[in-house]
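Reader: I would like to understand how the labels used for a protein model are justified. Could we go through some of them in turn?

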Amino acid sequence: LMDLLAFFDIAVLDGTVRLGVPLLLACLAGLFSERAGIFDIGLEGKMLIAAFLAAGVSFTTGSVWLGLIAGVMASVLLSLLHGLASITFRGNQLISGVAINFFASGITVVAAQAWFGEGGRTPSLSGAARFESIQFPGALTRIRDIAKADLPMKVYSELLSGHTIIVYLCILIVPFVWWTLYRTRFGLRLRAVGENPGAVDTAGISVYRMRYSAVIICGVLCGLAGAYLSTGLQAGFVREMTAGRGYIALAALIFAKWRPWQALGATMLFGYLQALAIRPDILERAIGIRVQTQVLDALPYVLTVIVLAGFVGKAIPPRAGGEAYVKER
C-alpha cells in the first residue's frame with residue numbers, strides 16, 4: 001500500500017498543477033472556438049508566439065505584465081487571422097490552423113535570433129520580468145523544512161502555496177467558463193452557433209460576430225497559456241518550448257467531450273503524466289522497477305494517441321464544427 005501511495009507524492013501533485021495549467025488554458029481556448037463551430041489546430045502556434053513575445057517584452061521592459069499583454073495580443077492577432085481565413089473567406093479551418101503552427105514555429109526562432117542573438121532563445125528572466133510564486137501565510141519555503149513537515153503542512157506549503165497568480169486565476173476560470181457557456185445568453189448563442197448556425201441567423205443573431213467572439217476568447221486564453229510557459233513555469237523562451245502542448249490540449253478537449261469541468265480532469269491527467277516523467281524516482285518507488293526516462297517522456301504523447309484513437313468516434317463534436325457558414329440572402 002505504501003508503494004502505491006508514492007503515486008500521490010505531494011511533489012508530483014504539485015508538478016501536476018504547474019504542468020496542467022497551460023494545457024487547461026489551451027483546452028478551454030479550443031472549447032470556446034469549437035463550441036462555436038471553428039476547429040482550431042493552431043492552438044500550438046498561438047501558445048508558442050505568446051510565449052516568445054511575453055518573454056521578449058518582459059526582458060526588454062523589465063515588466064512581466066507588459067510581456068503578458070504583448071503575448072496575449074500576439075495570440076489574439078493570430079486568432080483573428082484564423083477567423084478571417086475560416087469565417088470571412090470560408091477557407092479550410094484545418095489548413096489555416098496548421099499554417100499558423102508553421103508560421104509561429106519559424107517566426108519565433110528567427111525573431112528571437114534577430115532580437116537577442118542567442119540561438120533562437122531569450123535571455124533568462126528574473127525579478128519583475130517574470131511571475132513570482134505567491135507564498136501563503138505560514139507556509140514553509142525551504143525544501144528541507146517541507147520534507148520534515150507533517151502531511152497537512154506539506155499540502156499547504158507545497159501543493160496549495162507557492163504558485164504564480166496565473167495558476168490561481170486558472171482555478172477560477174473553469175467555473176467561470178462553465179457559467180458563461182451554460183448560464184448566460186452569450187453561452188447559449190455560442191453553443192447554438194456550433195450546432196445550428198442557420199437557426200441562429202434566422203433568429204436575427206450574427207453568426208459571424210459570435211464566431212469572431214469565440215476565436216478572440218480562444219486567442220486570449222492561448223496567450224495566457226503561452227505567457228505562463230515562458231514567464232511563470234520557466235524563466236525565458238526556448239525554441240519549440242510548447243512541445244506539442246497545443247495538440248495534447250486538443251486531445252484532452254475530445255476526451256472531455258467539449259465540457260469545462262471534464263476538461264479540468266483531462267488536462268490534469270496529462271499534467272500528472274508529465275510530472276511523473278520529471279520524477280522517475282517516484283515511479284520506481286511505486287512499482288519497484290526502474291523505467292527509462294525516454295519512456296516516461298513519451299507517456300503524455302502515447303496517451304494523446306490512445307485518446308484520439310478511442311474517443312474520436314464516441315465523442316460527438318458540435319454538429320456545425322469545421323463547416324463554413326454561408327449566409328442566406
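Reader: What makes helix α12 count as mostly covered?

Author: In this predicted model, nine of the eleven residues of helix α12 (residues 245–255) are buried. Among them are Arg-245, Gly-246, Ile-248 and Leu-250. Just after α12, Lys-257 has a positive phi of about 55°.

Reader: Why is α8 called roughly antiparallel to α13?

Author: Helix α8 (residues 165–183) and helix α13 (residues 260–278) pack at an angle of about 150°, and their axes are 8 Å apart. Angles over 145 degrees count as roughly antiparallel, so α8 is given that label relative to α13.

Reader: Which residues make the contact, and what classes do they belong to?

Author: Val-174, Pro-175, Val-177, Trp-178, Leu-181 and Tyr-182 come from α8, while Pro-260, Trp-261 and Leu-264 come from α13. By class, the contact has nine nonpolar residues, no polar ones and no charged ones.

Reader: Why is the pair of Phe-59 and Phe-116 called edge-to-face?

Author: Two rings pair if their centres lie within 6.5 Å, and planes over 60 degrees apart count as edge-to-face. The ring centres of Phe-59 and Phe-116 are 5.7 Å apart and their planes stand at 80°, so the pair is edge-to-face. Phe-59 belongs to helix α3 and Phe-116 to helix α5, 57 residues apart, so the pair links distant parts of the chain.

Reader: How do you know whether Phe-116 and Phe-59 are buried or partly exposed?

Author: Buried means under 20% relative accessible area, exposed means over 50%, and partly exposed lies in between. Phe-116 has 17% relative accessibility, so Phe-116 counts as buried. Phe-59 has a relative accessible area of 38%, so Phe-59 is partly exposed.

Reader: Which residues form one aromatic cluster with these two?

Author: The cluster consists of Phe-52, Phe-59, Trp-115, Phe-116 and Phe-237. At 4% relative accessibility, Phe-52 counts as buried, whereas Trp-115, at 36%, is partly exposed.

Reader: What is known about the largest nonpolar core, and which helix gives the largest share of it?

Author: The largest nonpolar core has 82 residues, and those with the most contacts inside it are Leu-25, Leu-28, Leu-221 and Phe-270. Helix α2 (residues 10–35) supplies the largest share of this core, twelve residues. Leaving aside neighbours within four places in sequence, Leu-25 is in contact with Ile-166, Cys-170, Ile-173, Leu-221, Leu-224 and Ala-225.

Methods. Residues are numbered from 1 along each chain as its sequence is written. This is a predicted model: local features need pLDDT of at least 70, side-chain atom pairs count only at pLDDT 80 or more; totals for chains, interfaces and linings use all residues. Side-chain values use heavy atoms; hydrogens and water are left out. Axes are lines fitted to C-alpha atoms, for helices over the stretch in contact, and angles run from 0 to 180 degrees between N-to-C directions. Helices (H or I, at least four residues) and strands (E, at least two) are DSSP runs, numbered from the N terminus. Angles under 35 degrees count as roughly parallel, over 145 as roughly antiparallel, 65 to 115 as roughly perpendicular and the rest as oblique. Contact means heavy atoms within 4.5 Å. Ala, Val, Leu, Ile, Met, Phe, Trp, Tyr, Cys and Pro count as nonpolar, Asp, Glu, Lys and Arg as charged, and the others, Gly among them, as polar. Buried means under 20% relative accessible area, exposed over 50%, partly exposed in between (1.4 Å probe, protein chains only). A nonpolar core is a set of buried Ala, Val, Leu, Ile, Met, Phe, Trp, Tyr and Cys residues joined through side-chain atoms within 4.5 Å. Rings of Phe, Tyr and Trp (its six-membered ring) pair if their centres lie within 6.5 Å; planes under 30 degrees apart count as stacked, over 60 as edge-to-face and the rest as tilted.
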